[in-house]
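Subject: Structure handover

Hi,

Here is the structure I said I would pass on. Have a look at it first, and then read my notes underneath.

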Amino acid sequence: MSEKIIYLDNNATTAVAPEVLEAMLPYLQHWYGNPSSMYDFAVKPAEALKKARQQVADLVGAQPEEIVFTSCGTESDSTAIFSALHRHPDKTHLVTTRVEHPAVKNLCANLENLTGRKYRITQLPVDKEGLIDLQQYRDSLSDDTAIVSVMWANNETGVLFPVEEMAKIARERGILFHTDAVQATGKVPMHLDDSAIDFLSSSGHKLHAPKGVGFLFVRKGAPYMPFLTGGHQEQGRRGGTENVASIVGLGKACELAKANMAEENRKVRALRDKLEEGLLSRVPRAILNGHKTKRLPGTCNISFEYVEGEAILLHLNRHGICASSGSACTSGSLEPSHVLRAMGVPFTAAHGSVRFSLSGYNTEEEVDKVLEIVPGIIAELRELSPFWADINK
Ligand SMILES: *Cc1c(COP(=O)(O)O)cnc(C)c1O
């Protein structure tokens with residue numbers, strides 16, 4: 001089964017790397033001791049946590065004490081934002097963007113319910129390439145701003161925001177800065193020791209570690225409030241017995257990402273560009289969504305006008321090709337993606353968007369197969385589209 005799959009949905013989740021699985025197995029099979037226990041049998045898991053913390057810190061250019069292990073990217077996002085709000089009970093303003101992942105977007109939308117306090121949220125707009133206007137960002141900051149939360153790379157388009165520069169601007173104003181770096185981790189070189197970023201969220205399953213483990217970078221001296229209160233794990237910063245095997249996997253994945261980043265990015269970008277250029281040249285009225293260069297190497301979001309993204313996915317699925325679409329059928333609505341809407345992508349194009357996201361495990365043969373199949377699928381679907389018939393009259 002799995003050898004027939006062409007997996008182009010790596011922004012949704014990734015395969016666990018064989019090296020990661022291998023590093024994890026001893027902690028599932030043998031070394032199951034609780035790292036907080038006093039006997040020798042728990043020393044090995046405790047040491048494994050320490051090593052993983054160093055591996056994660058090395059990838060992002062931080063100190064190991066600045067890394068808190070969490071259960072996922074979503075938990076990391078919440079922990080960072082609530083920590084800032086807790087530190088500044090007098091401040092009632094947050095700055096974020098219109099294109100954040102639901103982990104930040106919906107948290108901000110629900111803050112009044114969650115905290116019992118009213119917040120004013122500035123959602124910075126983006127232009128048609130998905131970029132932010134820095135002057136508009138500067139102007140949005142005020143003495144009442146508790147935290148800025150801006151993603152490093154967008155999960156739907158791959159567009160990169162200049163978060164290091166934005167963090168500097170926030171710091172000049174004495175404002176805390178959080179970045180959701182779930183998509184950027186392992187793909188963008190990071191030097192947190194030389195940056196003004198106070199919090200950075202990430203997740204294992206987007207970089208070839210398992211699901212259910214993530215981390216939060218908390219700059220030394222930044223405010224912190226545990227999101228899960230309980231035992232003294234993570235130096236009292238997150239209660240709950242550590243997910244040792246998964247944390248070991250996350251550490252290994254970070255080590256691999258650091259060692260292979262440049263080569264992996266080059267390989268993935270070449271495959272992505274071949275796929276992208278092939279689709280844009282072979283399919284009429286196909287449009288790239290997102291800035292051409294200020295973008296992750298493996299993400300490609302294309303609108304095929306006058307067809308439904310959902311329909312394209314169903315056809316791709318019949319060929320064993322996994323991708324994702326911008327319109328959210330899972331929610332039962334036909335609303336196009338909030339990211340594409342924020343970019344002003346016209347209705348007829350936003351509905352026909354497909355995101356292909358690649359990893360180092362993809363091959364040129366797979367890209368060739370997709371290039372062979374997609375133009376036919378689009379042509380077939382357009383045959384059925386009354387709009388398409390209209391514009392081609
Ligand atoms: C996947 C993702 C998340 C959520 O991470 P989980 O580990 O699934 O909670 C948050 N932000 C971005 C940008 C993502 O792509």
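To start with a question: is arginine 341 buried, partly exposed or exposed? Arginine 341 is partly exposed, at a relative accessible area of 41%. Before you go further, keep in mind that this is a predicted model.

**Domains**

The protein splits into domain 1, made of 6-14 plus 261-391, and domain 2, which covers 18-257. Their C-alpha centres are 28 Å apart. Where the two touch, 25 residues come from domain 1 and 33 residues from domain 2.

**Nonpolar cores**

The largest nonpolar core has 66 residues, and the members that touch the most others are Ile67, Tyr137, Val148, Trp152, Phe177, Leu200 and Leu250. Several elements supply at least two residues each, among them H1, helix H2 (43-60), strand S2 (67-70) and strand S8 (214-218). The biggest giver is H9, with 10 residues in this core. Both domains take part: domain 1 and domain 2 each put in at least three residues.

If you want one residue to click on here, try leucine 200. Beyond its neighbours up to four places away in sequence, leucine 200 touches Trp152, His178, Thr179, Ala181, Met190, Leu192, Phe215, Leu216 and Phe217.

There is also a second, separate core of 28 residues, which includes Leu316, Leu358, Ile377 and Leu381.

**Salt bridges**

Side chains of opposite charge can pair when their charged atoms come close. I have 16 salt bridges for this structure, and a few are worth pulling up on screen.

- Lysine 220 pairs with glutamate 65, with 3.4 Å between the closest N and O atoms. This pair joins distant parts of the chain, 155 residues apart: lysine 220 is in the loop between S8 and H8, and glutamate 65 is in the loop between H2 and S2. Lysine 220 is exposed, at 56% relative accessible area, whereas glutamate 65 is partly exposed, at 37%.
- Arginine 341, the residue from my opening question, forms a salt bridge with glutamate 335 at 3.0 Å, N to O. Glutamate 335 is partly exposed, with 41% relative accessibility.
- Arginine 272 pairs with aspartate 273, the closest N and O atoms being 2.9 Å apart. Arginine 272 counts as buried because its relative accessibility is 3%. Both residues belong to a network of salt bridges that links Arg272, Asp273, Glu276, Lys292 and Arg295.

**Glycine 73**

Glycine 73 sits in helix H3, which runs over residues 73-87. Glycine 73 is buried, with a relative accessible area of 7%. So what does glycine 73 contact, leaving aside its neighbours within four places in sequence? The answer is Val182, Ser201, Ser202 and Ser203. Its C-alpha atom is also 8.1 Å from that of leucine 216, although the two residues are 143 places apart along the chain.

**Backbone angles to look at**

Most residues other than glycine have a negative phi. Two residues here have a positive one, and neither is a glycine.

Glutamine 235 has a phi of about 55 degrees. Glutamine 235 lies in helix H8 (residues 233-236) and is exposed, at 64% relative accessibility.

Arginine 285 has a phi of about 50 degrees. You will find arginine 285 in the loop between helix H9 (244-282) and strand S9 (286-289). With 40% of relative accessible area, arginine 285 is partly exposed.

**A nonpolar surface patch**

Last one: Val16, Leu21, Leu25 and Leu28 make a nonpolar patch on the surface, and together they have about 320 Å² of accessible area. Leucine 25 belongs to helix H1 (residues 18-29). Is leucine 25 buried, partly exposed or exposed? Leucine 25 counts as partly exposed, at 32% relative accessibility. A patch member needs over 30% relative accessible area, so leucine 25 passes that cut-off with its 32%.

Write back with any questions.

Cheers

Terms used: Residues are numbered from 1 along each chain as its sequence is written. This is a predicted model: local features need pLDDT of at least 70, side-chain atom pairs count only at pLDDT 80 or more; totals for chains, interfaces and linings use all residues. Side-chain values use heavy atoms; hydrogens and water are left out. Patches are made of residues with over 30% relative accessible area and no salt bridge: like charges are joined within 9 Å, nonpolar side chains (Val, Leu, Ile, Met, Phe, Trp, Tyr) within 5 Å. Accessible areas come from the Shrake-Rupley method with a 1.4 Å probe; for residues, only the protein chains shown count as cover. A salt bridge is a side-chain nitrogen of Lys or Arg within 4 Å of a carboxyl oxygen of Asp or Glu. Helices (H or I, at least four residues) and strands (E, at least two) are DSSP runs, numbered from the N terminus. Buried means under 20% relative accessible area, exposed over 50%, partly exposed in between (1.4 Å probe, protein chains only). Contact means heavy atoms within 4.5 Å. A nonpolar core is a set of buried Ala, Val, Leu, Ile, Met, Phe, Trp, Tyr and Cys residues joined through side-chain atoms within 4.5 Å. Domain bounds come from an automatic or database domain assignment.
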